[in-house]
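Hi everyone, thanks for making the time. I'd like to walk you through one structure today, so let me put it up on the screen.

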Amino acid sequence: MAINFLSWNCHGVRSHIDDIKSILNKYQPVCLGLQETYLSPVDTVKIKFYNIIRKDYTQGARASGGVALLISKHFPFIEIPLTSVIQAVAIQLQIDVLVTVCFIYLPPNQNYTQNELDDLINQLPQPFILMGDFNGHNPIWGSPDINLRGQQIETLIDNHCICLLNSSNHTYFHQPTRTFHTLDLALCSPSLVIKWNFNTEDDLFNSDHFPIILSYIDNDIRYPERPRKFIFQKANWSLFSEFATLTLDMVEEVSIDDAVDKVTCSIIQAADMAIPKTSGKIPKIWKPWWNEECRIFNKQQKKAWDKFRRYPTTSNLIDFKFAKATFRRVKRTSQRKSWQAFISTITNQISSKKLWDKIRGLSGRYNDNTSVSFLNHNGQVITDAKKIANTLAEAFSAVSSASSYSQDFISHKTNEERHNIDFNTLTDDEYNSDFHFIEFKRALSKSHATSPGPDNIHLLMLTHLTETSLHNILKLFNRIWKEKKFPSSWRRAVVIPILKPGKDAKKPNNYRPIALTSVLCKLLERMVNSRLVHVLEKKKWLSPFQSGFRFGRGTIDNILLLENSIREAFVGKKHLVSILFDMEKAYDKTWRYGILKDLYGIGFKGNLPIFIQNFLKTWSFRVRIGNTLSDGFYQEEGVPQGSVLSVILFIIKINEVIKQLPTGVSGSLFVDDLEIYCSGEDMGFVERKLQEAVNKISEWGRKNGFQISSQKTVAIHFCRIRGLHLDPKLLLHDCTIPIVRDAKYLGLIFDSKLTFKPQVNYLKRKCIRSLNIIKMLSGTSYAAETSALLKVYKALIRSKLPLRGASSLDVTGFTTPRYPSVCSTFEFFPPF
């Protein structure tokens, strides 16, 4: 697909959101500049597959003018900060060279000096493209007359040696006089003039300006494609099962690596024959309400416009307006029917997210999907997609490298790892026996249909294999189990970088790696994990205060333990101080040799610990941005990202931390969420005990490679005793642990008086945000019906309000809250 830049005066983003989507679907531009957006700073607009940069303009309380830039998320970019009174936004992105793209809006009733225009040009890094609605008339670009704005632009072109790209095509239709003019221009640096073609769209898209288009001439530079994916909704599973035949020879007659490759190739070849794939092109933005009737009347509207444009008579203008009104009515009817069909599926279990997604789909707005920006690394700006991927991969690899540990731990680690751990002792323990088919089927049924790994095998492919093929996969798993060899292809992963919320996109360390690994590997991991957990629970080796990912346990156990201890302290007129610890990069810094040492200490011998030992050897990964892959990098330490075994292996390693607590101090764990507390009448006693516990936990962390964050670790002083009481002074790494009034622990906000008012206020704010859905729907033409609004209210708000006598809230200490403001907000709707 060609590289296109577009500019269009839309006369209101929110009122023309469907027209914007139509333009994006037709041209799929890298950039789309919009003028006269009519957006105020409080307005939020999000469009799927695009980032938005805006400069809003308001006159008093009314939005007027404004300019916005939509940039495809498949192109890394960086925003150029402009200090100008002119309504303009600019970015830099990589095409074949680094190009600055600026979109501008110059209102006709607002005057700018020549110096202000010159200053804007001087802020744009070369080479640049400048597009927008200039509202200037000059014979140079085809106007019959000239005005002051046209003279200023002509002077600007001469002074800065800028090239005009416009052709003879008109860009503006003046409806009262039924005449065509040229107000939208495209200017560029001289080095770019031979690389871009100028054109205009024939359709106004319900505005009075035609979109102007710049197309890149070099066909070697194409729009980046997305990775091709299987379309499972159109799969011919019977054909797939017929060709995906895994024979006994495939899994027994060759080496394990070759056997895994043969199984993978057979499944993928069958999938290629039986399951269609996406084209790799960027998908169009979906309109859930669009149907055949909309298509027909939209076509009639375009036909009427084409006729009027060729022959601008009064009769043709009336026909065009009639066709336009008819299409608008059909569209609203279609939206209403689509919404009513969705409302019929709503239950009390529906989430706000799912409901918002449907509403945004109907109105043309979408959630923001994270994208990768230009990166600032070691003082350099990284603009190329391949280099960005390599920079992120290097950052991810550095976090889990052995050199990221402290020097003291590196010395300790080196000394410890000189001793080999031998798991080869013969043992007839049941956990070392071959896997049974019932274990295989159970693991397959519990697996989740997540994104495939580097081998591109999806879980749905395995579930549609024949029983014979599944038995042969089990035989391959048992070969791996008995021969104690781990397939090398399973140690490779593809990593998708996701920007952490609220973080600077230009810093590599602000991205979270999401690893995609082999589904076959995950299936075997799940079988091993089941046996490992069974033995650990049977031997009662795991701490009773660890509730993470254990059968019959959950966050409520830890919450109730802390809440009951606080209430007992209140009854006994005691102080209780709780510390909530935060571990930095806990999974990425888990000491692999330490895990194996703990397994050996527990008494594991034979196939199971040897499988884990092979599993924990160095993994490689490549970061993927769009369809671009980085070079290979390695994860030296930490539990492998995205694996099934990672959680229980981490729990094994962190299990001993609870045993470090001195007498009088209690605590609990939910995977890596560590909380300790101590109560007493004397604050001095509480302080001494907790400081002793903090010192021991810190020392345990230093010996095991874990780093406790002194910035994110907090403490709460729970007390209802009258009078003034000093808070304890606790130190972690020579830094004072802050005492806070309230903090969130496992999803529940605890406050120092245990009133749960912060939690109630949080729920209230959450419900009020949900009310925004109802308020938004009440102002639409397709969803303002009483029955629909009531159903949404019951599903999103009423079901989440704690009612008097609700045991699930009483046991956690909620006083009976009331929500008069939440419920009264709903009174503006008609009575139900």
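Before we look at any residue, one cut-off: a residue is buried under 20% relative accessible area, exposed over 50%, and partly exposed in between. Keep in mind, too, that this is a predicted model.

Let's use that cut-off straight away. Asp 96 has a relative accessibility of 32%, so it counts as partly exposed. Lys 195 comes out at 25%, which also puts Lys 195 in the partly exposed class. These two form a salt bridge, with 3.5 Å between the closest N and O atoms. Where do Asp 96 and Lys 195 lie? Asp 96 is in the loop between β8 and β9, residues 98-105, while Lys 195 is in the loop between β14, residues 184-188, and β15, residues 196-200, so the pair ties together parts that are 99 residues apart in sequence.

Now, how many salt bridges does the structure hold? The count is 23. Let me show you a few others.

One of them joins the side chains of Lys 277 and Asp 272, at 3.6 Å from N to O. Lys 277 is partly exposed at 31%, and Asp 272 is partly exposed at 43%.

Another sits in helix α20, where Lys 696 and Glu 692 meet at 3.5 Å, N to O. Why are Lys 696 and Glu 692 separated by about one helical turn? Because they are four residues apart in that helix. As a reminder, an α-helix has 3.6 residues a turn, so residues three or four places apart point the same way. On accessibility, Lys 696 is at 35% and partly exposed, and Glu 692 is at 32% and partly exposed.

There is also a network of salt bridges, which links Lys 413, Glu 417 and Glu 637.

Let's move to the sheets. Going back to the region around β8, there is an open sheet of six strands in the order β7-β8-β9-β10-β14-β11, and its pairing is mixed. At the edges stand β7, residues 77-80, and β11, residues 163-164; each has a single partner strand, so one side of each is left without a neighbour in the sheet. β7 pairs with β8, residues 87-94, in the antiparallel sense, over four bridges. If you want a spot to click on, Ile 78 stands opposite Gln 92 in β8.

The other sheet I'd like to show is an open one of five strands, ordered β26-β27-β21-β29-β32, again with mixed pairing. Here β26 and β32, residues 739-740, are the edge strands, each pairing on one side only. β32 runs parallel to β29, residues 714-718, and two bridges join them. Within that pair, Ala 715 stands opposite Ile 739 of β32. Helix α20, the one with the Lys 696 and Glu 692 bridge, packs on this sheet: it touches β21, β27 and β29, and its direction makes about 155 degrees with that of β27. Helix α16, residues 555-571, lies across β21, β26, β27 and β29, running at about 160 degrees to β26.

α20 turns up once more with helix α19, residues 646-654. Eight of the nine residues of α19 are buried, so this helix is largely enclosed by the rest of the structure. Among the buried ones are Ile 648, Leu 649, Phe 650 and Lys 653. What covers the buried residues of α19? The cover includes α15, β22, α17, α18, β26 and α20.

Finally, a helix pair. The axes of α12, residues 437-446, and α14, residues 467-483, come within 10 Å and cross at roughly 105 degrees. That makes α12 roughly perpendicular to α14. On the α12 side, the contact is made by Phe 437, Phe 440, Lys 441 and Leu 444, and the residues from α14 include Leu 470, His 471 and Phe 477. Sorted by class, the contact has seven nonpolar, one polar and two charged residues.

Glu 439 is in α12 as well. Buried or exposed, would you say, for Glu 439? It is buried, at a relative accessible area of 15%. Apart from neighbours within four places in sequence, Glu 439 is in contact with Asp 434, Met 527 and Arg 531.

That's my tour, and I'm happy to go back to any part of it.

Key
Residues numbered from 1 in each chain as written. Predicted model: local features only at pLDDT ≥ 70, side-chain atom pairs only at ≥ 80, totals over all residues. Heavy atoms only, no water. Pairing = 2+ DSSP bridges. Buried < 20%, exposed > 50% of the residue type's maximum accessible area, 1.4 Å probe, protein only. Contact = heavy atoms within 4.5 Å. Axes fitted to C-alpha atoms, helices over the stretch in contact; angles between N-to-C directions. Parallel < 35°, antiparallel > 145°, perpendicular 65-115°, else oblique. Nonpolar A, V, L, I, M, F, W, Y, C, P; charged D, E, K, R; others polar. Salt bridge = Lys/Arg side-chain N within 4 Å of Asp/Glu carboxyl O.
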